[in-house]
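Visitor: Could you take me on a close look at a single part of this structure, and then show me what lies around it? I would enjoy one connected walk rather than a list.

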Amino acid sequence: MRVITTVDDSPAAAPTNHLSGSAAGDAVSVLNLYPLSCFYFGSKEARRPSRDETVAERVSRLKSNYEARGLRACVEAVILVELFKHPHLLLLQVRNSFFKLPGGRLKPGESDIEGLRRKLCSKLSSDEDSNLMQWEVGECLGKWWRTDFETLYYPYLSPNIKKPKECIKLFIVKLRAHQRFTVPKNMKLLAVPLSQTHDNHKTYGTIIAGIPQLLSKFSFNMVEI
């Protein structure tokens with residue numbers, strides 16, 4: 001069994017404000033966050049090796065895929081747990097370098113929720129054919145667009161952009177107590193303090209760095225087990 005890694009998870013590094021406030025009269029959505037210690041973590045063989053490619057090679061691959069399939073439609077999961085009474089975001093780390101949210105590309109004709117459940121089973125379950133309904137996919141938090149084959153993403157699509165290259169939708173995914181995670185051996189599953197990702201584009205990229213703002217409308221209920 002391989003235990004999940006935490007990042008800067010000491011109380012001193014944890015956020016002092018976990019977005020639980022709201023203006024008087026505003027409707028507040030509540031997210032139940034279960035403690036990290038109540039989940040089970042293991043590893044499995046990677047279905048395919050991680051690509052070790054240069055930026056130029058990735059751009060070339062994206063161009064080829066776009067010519068063959070058109071817009072790349074992706075879905076990614078925002079999954080939160082409690083640690084030291086503060087919200088932590090679950091991220092995958094590839095080759096001890098870049099970070100990513102669990103998820104991936106949709107198949108043709110596949111719905112957002114179906115595709116995200118399939119991807120979560122592929123990335124975080126022991127068996128890709130396991131119960132898809134174990135993943136409770138909630139509301140869509142936002143969309144990000146890649147307008148060209150470069151690495152920049154935007155949270156809007158300008159009217160002059162007629163043929164965007166990629167669209168990524170972020171969804172809240174709610175966990176159940178005692179849920180089991182099984183991660184490919186070529187990746188690590190990290191619990192990162194939500195405050196550490198805020199505006200931290202250099203380390204986590206534009207999309208992950210913007211998640212704390214997207215979550216500001218929620219109140220967090222730290223469940224004790």
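**A close look at strand β11**

Guide: Happily! Let us start at Thr182, a residue of strand β11, which spans residues 180-184. Please keep in mind that this is a predicted model. Thr182 has a relative accessibility of 7%, so it counts as buried, the cut-off for that class being under 20%. Leaving aside residues up to four places away in sequence, Thr182 touches Gly42, Ser43 and Lys44. Its other contacts on that count are Lys123, Leu124, Ser125 and Ser126.

Now look at Phe181, which is in strand β11 as well. Phe181 is buried because its relative accessible area is 0%. The structure holds six aromatic pairs. One of them joins Phe41 and Phe181 in a stacked arrangement, with 5.3 Å from centre to centre and 15° between the planes. This pair links distant parts of the chain: Phe41 belongs to strand β3 (residues 40-44), Phe181 to β11, and the two are 140 residues apart. Phe41 has a relative accessibility of 10%, so this ring's residue counts as buried too. If you widen the view a little, Phe41 and Phe181 turn out to be members of one aromatic cluster, together with Phe39 and Trp135.

From the aromatic rings, let us move on to a sheet. Four strands make up an open sheet with mixed pairing, and their order is β8-β4-β10-β9. Its edge strands are β8 (103-105) and β9 (136-146), each of which pairs on one side only. On average, and with direction ignored, neighbouring strands of this sheet are turned by 20° against each other. Follow β9 to its partner, strand β10 (residues 166-174), and you will find the two paired in the antiparallel sense over eight bridges. Within this part of the structure, Arg146 stands opposite Glu166 in β10.

A last stop brings us back to rings, this time with a charge over them. The charged end of Lys165 sits over the ring of Tyr66, at 5.1 Å from its centre. The charged end of Lys165 also sits over the ring of Phe149, where the distance to the centre is 5.4 Å.

To return to where we began: in β11, Phe181 is stacked with Phe41, and Thr182 touches Gly42, Ser43 and Lys44, among others.

Key:
Residues are numbered from 1 along each chain as its sequence is written. This is a predicted model: local features need pLDDT of at least 70, side-chain atom pairs count only at pLDDT 80 or more; totals for chains, interfaces and linings use all residues. Side-chain values use heavy atoms; hydrogens and water are left out. Buried means under 20% relative accessible area, exposed over 50%, partly exposed in between (1.4 Å probe, protein chains only). Contact means heavy atoms within 4.5 Å. Rings of Phe, Tyr and Trp (its six-membered ring) pair if their centres lie within 6.5 Å; planes under 30 degrees apart count as stacked, over 60 as edge-to-face and the rest as tilted. A charge sits over a ring if NZ of Lys or CZ of Arg is within 6 Å of the ring centre and within 35 degrees of the ring normal. Two strands pair if DSSP finds at least two bridges between them. Axes are lines fitted to C-alpha atoms, for helices over the stretch in contact, and angles run from 0 to 180 degrees between N-to-C directions.
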